[in-house]
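This report concerns the salt bridges of a protein model and the contact between two of its chains. Please examine the sequence and the structure shown here before reading on.

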Amino acid sequence: VSDVREVTRAEVCVVALADVFRGEGEVMASPFGTVPALAARLAKLTFAPDLVLTDGEAALMVGAPPLATPAGELVREAAMPYRTVFSVVWSGRRHIIMMATQIDRDGNQNLSAIGDHAKPTVQLIGVRGAPGNSVNHPTSYWVPDHTTRTFVEHVDVVSGVGYARAAEAGRAAQRFHDVRAVVSNLGVFDFETPDRTMRLASVHPGVTVDEVVEATGFELSMDVAVPTTREPTDEELHLIREVLDPERTREREVKVAPR
Amino acid sequence: MDKRTTVDDIVAELQPGSVIGIGGWGSRRKPMAVVRAICRSGLRDLTVVSYGGPDVGLLCATGKASTVVCPFVTLDSIPLDPHWRRVRQRGEVRLREVDEGMFFLGLQAAAWRVPFLPTRAGLGSDVLRFDPDLRTVRSPYAEGPYADASDPEDGAAEFVAAPALRLDVAIVHANIADTNGNAALRGPDPFFDDLFLGAATRRFVTAERVVEPGGLSGDGTLARTLVHRLLTDGVAETVRGAHFTSCAPDYGRDERMQKEYAAAAADDDAWAAFRGRYVDVEEAGYLAAADEAKAASA
């Protein structure tokens, strides 16, 4: 049955993103994107059972239902309107996975605009809650298309705040600042370095360190031997394929061949 | 006290240069009947304060807004509003971009009549760099009985002073209101509509239905009357007044109409056609045209 075990890049990414929730207790997981949504559900069904998930609208939901569950069939347990979301954000009992149009060496993220802010080349959605999220509770990022255009030396607009900026802004910014991990379609990254700059923590199976370096617009820290991102266990693969996402929507979000 | 009014009378409250707050969030429960009426008016140079959706896109595309204060502009099911992108990428509108939470605190500060509220949100980000008028404030509680013993340094730290977002006029859309100006938000999220009203000098509610006082007391509706009469100056009945945005539980978003709106940003011809059919017409004509297009596409 080795062909059944043939694991896709998207499935590796799901597990890598689920792992960012390892050790989390009763905190609200706020995953943005299909792969992160799958990851949070997988984490809850396996090693992080106390994670609290939302219905994507304005309520906490019971359990970790399949991605394609119609809104009318979700079981909700408490109201979670935006006003209450801010109370959770500022209490720190939340771990968000945001996407990043750009991310840089210090862990700054950009969701706002490319180019000059007064007259951008590309207007994006806006900073949203990224400034507040990143200085109040654990924050991780998901970048499904790792290139020198997404992993840049300096982001054009600092939306989510990285380590150097938080340190510069002082204790109030630093106290709860915790950019935990970045997962891309090529590897897993963290900030476990003396100067809190980005480190290549692992490369996904089938990806070389050189490929990652080539697709990154700044110098990455890394250990002499870079490990390979773990593959899903049989149980995780079963949950992803048979229970949570039989429609394989995860495959549509992940770019496999590097440019 | 009978506060019934009309959309035209609400728009007449606005002047060139007015600061207008618009309730709802993204493409959800936006007071679109009023937005459309503003688009038809001769107003200009408005400052629009909004958790931005197609209200912002339309007011910019029609040249009504010169400044926008917001943390984002999105159509939800279409992540980026192409009209907003177009005016921004041409540098045609000034953006004061704030964090979502700073925005909430700004409305709350104005509603509570204090100059600012402190927060960590914004620290270290470019929100502070792009708006040099934003200030930080140092906590006075480094020591003494109110100090946080677990982290005295935090008690002496600099926080963002989220400035009060004072509005000249606020407009929100409710599911049901009464003639005294009470209103119920029956959807899953009331957003910050009561704070928009609290932050404004002149305060207006449009609603799917306007009933007699006492008419909001049944079926759990009373608990949803976050908008009470002390927050309102006028109430106007606008059936389908949030169209094409969603107004749960009364109706969902008209996705077909939203797509047509987004497509109209493609070029000047597309916009002229859209504007002629849906913007430069009275509200009844707009709804009829939207329904006609929906029937034709079915």
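In chain A, a network of salt bridges links Glu11(A), Arg241(A), Asp245(A), Arg248(A), Arg250(A) and Glu251(A). A salt bridge is counted when a side-chain nitrogen of Lys or Arg lies within 4 Å of a carboxyl oxygen of Asp or Glu. The model is predicted: local features need pLDDT of at least 70, side-chain atom pairs count only at pLDDT 80 or more, and totals for chains, interfaces and linings use all residues. Residues are numbered from 1 along each chain as its sequence is written, chains are lettered from A and ligands numbered from 1 in the order in which they are written, and side-chain values use heavy atoms, with hydrogens and water left out.

**Salt bridges**

Over all chains, the structure holds 42 salt bridges. The table presents some of them.

| Residue pair | Closest N and O atoms |
|---|---|
| Glu251(A) and Arg250(A) | 3.7 Å |
| Arg203(B) and Asp233(B) | 3.0 Å |
| Arg275(B) and Asp280(B) | 3.3 Å |
| Arg128(A) and Glu100(B) | 2.8 Å |

The pair of Arg203(B) and Asp233(B) links distant parts of the chain, 30 residues apart: Arg203(B) lies in strand β10 (residues 200–211) of chain B, and Asp233(B) in the loop between β10 and β11 (234–237). Helices (H or I, at least four residues) and strands (E, at least two) are DSSP runs, numbered from the N terminus.

Are the partners buried or exposed? Buried means under 20% relative accessible area, exposed over 50%, and partly exposed in between (1.4 Å probe, protein chains only). Arg203(B) counts as buried at 15%, whereas Asp233(B) is partly exposed at 26%. Likewise, Arg250(A) is buried at 1%, while Glu251(A) is partly exposed at 23%. Arg275(B), at 23%, is partly exposed, and so is Asp280(B), at 44%.

**The contact between chains A and B**

How many residues does the contact take from chain A and from chain B? With contact defined as heavy atoms within 4.5 Å, chain A gives 38 residues and chain B gives 50. The two chains bury about 3700 Å² between them, 54% of it on carbon and sulfur atoms. Buried area is the accessible area (1.4 Å probe) that two parts lose on being put together, summed over both. In chain A, Tyr82(A), Arg83(A) and Gln123(A) lose the most area to chain B, together 20% of what that side buries. Between chain A and chain B there are 8 salt bridges.
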